[in-house]
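Here's a quick briefing to read with the structure open beside you. Take a look at the fold, then work through the points below.

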Amino acid sequence: MSDNELKEWKTQSVKPKVAFALMVDGISFCYDEENGIQFTAPDYYVKKLAYDLVTAYGCSVKPVFTEVK
């Protein structure tokens, strides 16, 4: 499996900040109450997003992203 392979992700963590970061990066996403924010991205982007949310966007804890299977 390649690190550049696109995967579907979801999160309920710090939704306003995740949504803002995704918009800034130009990543399309959808939201519903049951699944939270869902978007498609490679592994490396999700790791970078989690790091950026803590270091640049002021999240006090690292957000949790779950791969949708």
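Keep in mind that this is a predicted model. Let's start with helix α1, whose face turned away from its buried side carries the exposed residues P16 and M23. From there we'll look at the chain as a whole, and then at a few individual residues.

**Helix α1**

- α1 covers residues 15–25, and its buried residues are V18, A19, A21 and L22.
- If you look down the axis of α1, those buried residues fall within an arc of 165 degrees, so they line one face of the helix.
- What do the buried residues of α1 pack against? Their partners are the strands β1 (6–11), β2 (29–32) and β3 (36–42), plus the other helix, α2 (43–55).
- Right after α1 comes G26, and its phi is positive, near 75 degrees.

**The chain as a whole**

- You can find two helices and four strands here, and along the sequence they follow the pattern β-α-β-β-α-β.
- The chain's radius of gyration is 11 Å, which agrees with the value near 11 Å that a compact globule of 69 residues would have.
- Along its principal axes, the C-alpha trace spans about 30 × 25 × 20 Å.
- Of the 69 residues, 33% count as buried.
- Take the contacts with a separation of 6 or more: 61% of them are between residues 24 or more positions apart.
- The accessible surface comes to about 4,500 Å², and carbon and sulfur atoms account for 56% of that.
- The chain has 8 positive and 10 negative charges, and the mean positions of the two groups are 6 Å apart.

**V14, before α1**

- V14 sits in the loop between β1 and α1.
- Most residues other than glycine have a negative phi. V14, though, has a positive phi, near 30 degrees.
- Is V14 buried or partly exposed? V14 has a relative accessible area of 34%, so it counts as partly exposed.

**P63, in a later loop**

- Look for P63 in the loop between α2 and β4 (66–67).
- P63 is in a loop, and it is buried, with a relative accessible area of 7%.
- Which residues does P63 touch, leaving aside neighbours within four places in sequence? They are S13, V14, A50, L53 and V54.
- P63 and L6 are 57 residues apart in sequence, and their C-alpha atoms are 19 Å apart in space.

**L53 and K48, both in α2**

- L53 is part of helix α2, and at 0% relative accessibility it counts as buried.
- Not counting residues up to four places away in sequence, L53 touches K17, V18, A21, G58, C59, P63 and F65.
- Two of the names in that list, V18 and A21, also belong to the buried residues of α1.
- The C-alpha atoms of L53 and I27 are separated by 15 Å, with their positions 26 residues apart along the chain.
- K48 is in α2 too, but K48 is partly exposed, with a relative accessible area of 44%.
- From K48 to V68 is 20 residues in sequence and 18 Å in space, C-alpha to C-alpha.

How values were computed: Residues are numbered from 1 along each chain as its sequence is written. This is a predicted model: local features need pLDDT of at least 70, side-chain atom pairs count only at pLDDT 80 or more; totals for chains, interfaces and linings use all residues. Side-chain values use heavy atoms; hydrogens and water are left out. Buried means under 20% relative accessible area, exposed over 50%, partly exposed in between (1.4 Å probe, protein chains only). The arc is that of the directions from the helix axis to the C-beta atoms. Contact means heavy atoms within 4.5 Å. The radius of gyration is taken over C-alpha atoms; the globule rule is 2.2 Å times the number of residues to the power 0.38. Accessible areas come from the Shrake-Rupley method with a 1.4 Å probe; for residues, only the protein chains shown count as cover. Lys and Arg count as positive and Asp and Glu as negative; His and the chain ends are not counted. The place of a charge is taken as NZ of Lys, CZ of Arg, CG of Asp or CD of Glu.
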